[in-house]
Amino acid sequence: MGTSDQLEAIETASVDALRYLQLKRLKAALRRAYGVEFYRNRCEAANVHPDDLRDFSDLVSFPMTTKQDLRQSYPFGMFAVPTDKIVRIHASSGTTGKPTIVGYTKGDIDTWSKLMARSIRAAGGRASDRIHVAYGYGLFTGGLGAHYGGERMGAMVIPASGGLTMRQVQLIVDLRPDIIMVTPSYLLAIIDEFERQGLEPRECSLRLAMLGAEPWTEKMRAEIEVRLELDALDLYGLSEIMGGGVAQECIETKDGLTIWEDHFYPELIDPSTNTPVADGETGELLLTTLTREGMPLIRYRTHDLTRLLPGTARPMRRLERMKGRSDDMVVIRGVNVFPSQIETVLMLEGTLAPHYQLELTRNGRLDELSVKVELKTALAGTLGPDTIGDISNRVQDMIKSYVGISTSVAVVEPRTIPRSEGKAKRIIDLRQLT
């Protein structure tokens, strides 16, 4: 193995050594953030100072940061360095209001590249590999983060970006990459395109898929691994914190996301009360950046729901696969519902493909949820209306039993639901229109 294929010393350090480094970096991060007017004002209002942090338990006294805080500081109000020290700008997609601007120093770009390289290596990648990057490039952090990480470890990087699905297949067939980095929903669209062209996906060169940027389930992992005959691993990140490479599932265990705790400190809270939850219980993930120079964030509310678990493949703790987002949650007649819950049920029905959309409407004072889901490609045109009706009824009963709400389910022919070239649009909310 080359040098770039070796584990870093911190990946084999003791937990005590890791905690010592974390606390040292956490104190420095709070002092760095205190130089930002936003954080200084928040800390003064909370009557807390960076010098008050002596142990990890003291962090709960410090204010949390929200996406709305970042929007209100648009564009450069959260920067801890002069703008002439910022060498890169990224931005979140910003589904409502202004996008969130993220600034990187040269040191931040170096750290990000190193952590993405670490993530690729943890997933089973090597310097001799070819990496097909089908995340979008541009202000979105996915493409460039994966790209810099692959180059950092010495791999050949193919910057395919998102879209042009026929070309994606051609590049995979002709250039024979070992790894694909892409959203899980778009990888399914690529697999479908293989089959549409009469090609067998399992015969392609890919052996690893690093999938992130949206929630996905174990059932979807199984589907992808069977159809492509590879290992599919979870990659986690978010633009506000760094981009991809905040946490990565390790190939040795495939048992959750190892969070790179030497650079990010995790906490979990109950999103309804903002109080800490115990390790092992589900809560909303907060992240504090420990080494970020350009735009340090303290106790940033990710809105991602997960559990914090002990380390296995590495001394760092693990995040359970994301259960959904607290801000993606919809309430249907008093029941909290996440798209991933519906997806889990749909994937239990062997006749259905993992392509679906949820439509929310309002009938008088009551919210209604309808589910549109595709048949598997192999069943196209082969089932009569009675059989499809039986499938719909069966899935409705399963959703009622598993999730606790009544829905209407429409089973449609393959390729009826629009394909995503990035994050899948799972929820169509028409309640404000009806």
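Two strands are taken to pair if DSSP finds at least two bridges between them. Helices (H or I, at least four residues) and strands (E, at least two) are DSSP runs, numbered from the N terminus. The structure is a predicted model, in which local features need pLDDT of at least 70 and side-chain atom pairs count only at pLDDT 80 or more, while totals for chains, interfaces and linings use all residues. Residues are numbered from 1 along each chain as its sequence is written, and side-chain values use heavy atoms, with hydrogens and water left out.

A good place to begin is the sheet that contains strand E19. Strand E19 (residues 352–363) is joined to E22 by three bridges in the parallel sense, and one of the residue pairs involved is Leu-358 of E19 with its bridge partner Ile-427 in E22. The open sheet to which these strands belong has four strands in the order E21-E20-E19-E22, with mixed pairing. Its edges are strand E21 (408–412) and strand E22 (427–429), each of which pairs on one side only. On average, neighbouring strands of this sheet are turned by 20 degrees against each other, direction ignored. Helix H10 (residues 385–402) lies across E19, strand E20 (366–375) and E21, and runs at about 140 degrees to E21. Axes here are lines fitted to C-alpha atoms, for helices over the stretch in contact (heavy atoms within 4.5 Å), and angles run from 0 to 180 degrees between N-to-C directions.

Attention now turns to strand E2. Strand E1 (residues 86–91) and E2 run antiparallel and are joined by five bridges; Ile-89 has Gly-103 of E2 as its bridge partner. Five of the five residues of strand E2 (residues 101–105) are buried, so this strand is largely enclosed by the rest of the structure. Buried means under 20% relative accessible area, with exposed over 50% and partly exposed in between (1.4 Å probe, protein chains only). Both faces of E2 are covered, with Ile-101, Gly-103 and Thr-105 buried on one side and Val-102 and Tyr-104 on the other.

Next come the internal spaces. Cavities and pockets were located on a 1 Å grid over the protein atoms alone: a cavity is a set of points where a 1.4 Å probe fits but cannot get out, a pocket is an open set with protein on both sides within 12 Å along at least five of seven lines, and lining residues have an atom within 4 Å of a point. The structure holds three cavities of 30 Å³ or more, and the largest encloses about 100 Å³. Tyr-104 reappears in the lining of this largest cavity, alongside residues including Asp-108, His-263 and Arg-292. Helix H4 (residues 106–122) provides the largest share of that lining, three residues.

The second largest cavity, of about 50 Å³, is lined by nine nonpolar residues, with no polar and no charged ones. Among them are Leu-30, Tyr-39, Phe-62 and Ile-298. Helix H1 (15–34) and helix H2 (37–45) each give two or more residues to this lining, and H1 gives the most, with three.

The second largest pocket has a volume of about 300 Å³. Of its 13 lining residues, Thr-217, Met-322, Lys-323, Ser-340 and Thr-344 are the closest to its centre. At least two residues each come from helix H8 (218–228) and helix H9 (339–346), and H9 gives the most, with three.

Definitions and conventions
Points joined across faces, edges and corners; volume = space filled by probe spheres on them. Nonpolar A, V, L, I, M, F, W, Y, C, P; charged D, E, K, R; others polar.
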